[in-house]
Amino acid sequence: MAIESRSGKKFDMSRIAELEQELQREKEKLNFIKEMLDCGLWEYEIKRKRLVQSKSLEGAFGGVIDNYRETIKNSNEIYPADIPVFDKFVDSMDAGEPTFSYEMRMDTGTDHYVWVRFEGYTVKGTDGLPEKVVGRSKNIDSEKQADAIMIKRAESDIITGLMTRDSFISRISVAISRSRPTDHHSFVLLDIDNFAAINKAWGNSYGEYVLEAFGNALAGMFKGDEMVSRIEGDSFAVFLREIKNAGAVIEVAKQINDMTSKLQLKRETPLKLNIGVAVCPEDGKDYSTLYKKASIALQAAKENPSKPCEFYATTLANNPHTVKKSADEEGTTEARKIIREQKMSQYGKVEKYFVDRVMDMLASDDANPDEINKVLAEIGKYYKYTRIYTYNYDKRGATCFIKYFWNEKAIPYMRVYERVVDAQWDSVYARFKNDALFFCENSSRLDFEVPGELANVFSPVALLQYKIDEEDNAITCISFERPLGQSWSKEETDFLVNFSKLLCIYMERIRTRDQLKEEIEYSRDVMNNQLVTDYAVMPDSYKLIFVGDANGRQYVAEEDNLVCYKTVMGKNEPCKNCPLPGLRSGNKSRCAMESYFEKNKKWFTSTATTVNHGETKYDFICWTDVTAFVDRMKSKDLLTGQLTVDRLEQIVEDKISIMRKPQNLFVYFNIPDFNEINDLWGYAICDEVLIIYSKSVQDQLKEEEYLARVSGSTFVMFLDYDDKDRIVARLEMIMQGAIAAVHRMYPDVKLRTWVGVYRMNGHGVKIGEMIEYANTARKSINARAEQNEVEIAFYSDTLKSGATFENFVRSNMHKAFEDKEFRVFFQPKRDDDGEVVKADVVVRWVTKEGQVIERDSFADIMAEDGFIQVIDSYMHEETFRLLAEWIGREIKPPIISLACSWQYMFSPEFMKHTKEVMEKYPIPASLVEFIIPEGVNESNFYRVVSILQELQNMGFVISLDSYMAKFALNNMRTVKMIEENPDLKKLDDIQVEVRGNKPLNADDFATALDNNKK
């Protein structure tokens, strides 16, 4: 039924009813989308200081909160510590900041505070000033809890669950920095006495169990602000804050000792602790100082087990038995001073000779182990000793070894005695509990057993042993043995102690030299293994100073006329890929390049650096053969560990080359909604999804079937041939198995899989082409009506023509654009009177042969390469140019609708280009309607809002082709739709019909517009 208005216009009442029903359906869709959003939406009116909430957020204040800042703060909804954050959030809104994001804890009606993220976007009014803020709030409590769990795991010791040493140091530093001048804290260091014996007797697994049990019990004692950590091994530390006096610390130590003695362990192994204490700030104001002084106190506690703990004191620091000598104190100069100042005159002529002998050894630049053995032999013969030897104990490996050994009978039984000492090390180490020097008139009285078969060799002796040095990980002792019945005089003892100290310095030099030599040999082996070439040249030239011997070649600086490019590389001029020019330009300190050498088919990476060696400066170059690394990188996908497509092609090429008539399958498949899943769940989750998904597929393949990752969620397989029904059944089983594997880990992630299959039929087609045919089959699924969890399509001759067209588009689109084969057409829309009231702009590809290709045919293909943005930019500017031309000819155009791709409209270039063409062709903006395409999601939501706001401010008409965009933007009322513009409302009042639907070129459309005027 149609009625006529006063103006003579006709209205179809049935059409109006249809529009009302369509509007109701639209509202229902928008309400559904609103319920699905994982956030709350709100508006903040800046001038009125009022916040209007969506219905889903209405709480104690309803949907409107006046005087927002004070109302919320007075309601105690904000966690007290986060009130400053809330104030900054409101300040950002009042200041009209363009965008912002804040996180704070709030009472949302539950029994605890939850974390909420507030994100906002400021909208300007017609005067260009901030008018309102639109935003969303989202519950991120689970996200914060997950972060907290990850942080706690990173800061927790893997065995005991206590703080790690690094976390402990960090928190101590913060606590000390925040202390008041009157505050005192205690650093309590503990270790389990004789823990090595527990490990040795019951094994490392039981040792870890003991550490875990002790750590749990220790943590249970401290629930307040005290910090508890496992430092390393069996060492633990407690930081007690704001202690009152020493008595309070002693009481804590007693409680720890009592807890330890009552600890119930599986094997009833009693534990005993040593406890040392340093006080902050008296003993130190940082972790390193407190730890060192607590360690000194701990050593004293081991010597005085009757006390619950030992405090650091100056007397302890001056005790040579509890404090290790520093490197400076044990240097050569100090050693000479010790010898000469400690009554050198008391030594006889022979003792002076031995001292001078060692002093000469120290003065020499050499470090020869044979010299030590020689001097030990001379001392042994002079004093008529039976044996002299040094033994080292490695605490980390719990092994003992004898380094230097002399005996009067010249019997080489060092290895045998090593095992004897190693087996009874605890009793040996106990000798030095109270002093570094140990005497024994008869070794048979010691708690040390010699096996029966060695009794004749290791008969009882008089023993003098001295602990030369003890480090964190090693102990060094020297032992002098003589026949029973001979005593040790004070003069002899003093000489042996001082001699041992000097000898220790020389042994340390040998150890350092050996370590350096070992490091050099190791580095050389690594260089040889990696095929490294290293050499140095004079600055600003190519003249060689030396070439590293890792190459089997050695050149010295004295040789003349040696240049690197000729001597090393065998060329007559500097290499094109040499990093030296890059190093020397701009005074860089380092320059690196990668090169491929076609001659030997290898990849090399070259690095040049400037090095100062003493007073000499030179340029150092290192070439490394990285072919194997590059091959691995090219063979394996870094994320999933599957093959790369290049590697798959190589494998298949080798495999089918020996087959008479290969009939295998190429299967190309992907997760079609993966971009949306990425936007929803984030990259970290989606990376895990791809790993699980691909691994499940790989696990279901047979031997000599292969899987490769193309990119993103796209993969390709090479499978054995079977009949079509069994192929379909197997592929469905593989893909559904992969989807199920993902669901087991992430049940809320919904996946689908599209599969394209191409069957080989003998030789003659390239591997890459066959993979692309399978991809063509996969792409054909887009046009299907049904959408199951797994969709499978086979390549056919019908699809082949489509593939040919795709190749045609990709091969010719750039040249066609240069030749201006893309042209703008206008599809007019007329009213009942035949008047053109609106038109849609379309781009067609008109080939030189006159073939017309519609945009719908080539747009998706060009979108994959990004070329569609070039086409849209052309359509954009050409439309503005034609409008300006028609207006200049006094032809009145209707509203022209521009539908661009989302790649172009959401790109940074879109608004920039819009402003440029407006300046170039100044037309009324109200003549152009921009259609916002599908593609609005959470990640680009604010980008879309920004674009729409700018277009609106410039005066353009906006049409939304996305339910999400319509809902969000209507809800926030930031965009004036067509129906809200009085000048354009007539478009809704006219029954528009598409008559003469054929698009017109620019000239024909201008003629149609001119007929309108007439």
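Start at Lys 49, in the loop between β3 (40–45) and β4 (50–53). This is a predicted model, so read what follows as the geometry of a prediction. Phi of Lys 49 is near 55°, positive even though the residue is not a glycine. Most residues other than glycine have a negative phi. Colour by accessibility and Lys 49 comes out partly exposed, with a relative accessible area of 33%.

Next, select Glu 242, in the loop between β11 (235–240) and α8 (246–261). Here is another non-glycine residue with positive phi, near 50°. Glu 242 is also partly exposed, at 46% relative accessibility.

You're now beside β11, so bring up its sheet. What is the strand order in this open sheet of five strands? Reading across, it goes β10-β11-β9-β12-β13, and the pairing is mixed. The edges belong to β10 (227–232) and β13 (310–311); each has a single partner strand, so one side of each has no neighbour in the sheet.

Zoom in on β9 (residues 185–192) and β11: they run antiparallel and are joined by six bridges. Pick Val 188 and you'll find Val 238 of β11 opposite. Now switch on helix α5 (residues 165–177), which packs on the sheet and touches β9, β10, β11 and β12. The direction of α5 makes about 135° with that of β10. Add helix α7 (residues 204–221), which also packs on the sheet, touching β9, β10, β11 and β12. For α7, the direction makes about 5° with that of β11.

Follow the chain to Pro 281, in the loop between β12 (273–280) and α9 (287–303). The peptide bond joining Cys 280 and Pro 281 is cis, with omega about 15°.

Time for a helix pair: α21 (residues 674–681) and α22 (residues 683–699). Their axes come within 7 Å and cross at roughly 130°, which makes α21 oblique to α22. Show side chains for Phe 674, Ile 677, Asn 678 and Trp 681 in α21; they meet Tyr 683, Ile 685, Cys 686 and Leu 690 in α22. Cys 686 is buried, with a relative accessible area of 1%.

While you're looking at cysteines, how many disulfides does the structure hold? Zero. Cys 591 makes a good check: its sulfur is 8.7 Å from the closest cysteine sulfur, in Cys 578, which is too far for a bond. Cys 591 is buried too, at 12% relative accessible area.

Then jump to β33 (residues 895–899) and β34 (residues 928–932), which run parallel and are joined by four bridges. Ile 896 has Val 928 in β34 as its bridge partner. Strand β34 is mostly covered, with four of its five residues buried.

Last stop: the largest nonpolar core, with 53 residues. Which members touch the most others? Select Phe 826, Trp 845, Met 862, Phe 880, Trp 886, Phe 930 and Phe 1005. Helix α27 (residues 868–888) supplies the largest share of this core, seven residues. Centre on Trp 886: leaving aside neighbours within four places in sequence, it is in contact with Phe 826, Ile 891, Pro 893, Ala 1002, Phe 1005, Ala 1006 and Leu 1009. Apart from this core lies another, of 37 residues, including Leu 362, Ala 377, Met 507 and Ile 510.

Terms used:
Residues numbered from 1 in each chain as written. Predicted model: local features only at pLDDT ≥ 70, side-chain atom pairs only at ≥ 80, totals over all residues. Heavy atoms only, no water. Core = buried A, V, L, I, M, F, W, Y, C linked by side-chain atoms within 4.5 Å. Buried < 20%, exposed > 50% of the residue type's maximum accessible area, 1.4 Å probe, protein only. Helix = DSSP H or I, 4+ residues; strand = E, 2+ residues; numbered from the N terminus. Contact = heavy atoms within 4.5 Å. Disulfide = S-S within 2.5 Å. Pairing = 2+ DSSP bridges. Axes fitted to C-alpha atoms, helices over the stretch in contact; angles between N-to-C directions. Parallel < 35°, antiparallel > 145°, perpendicular 65-115°, else oblique.
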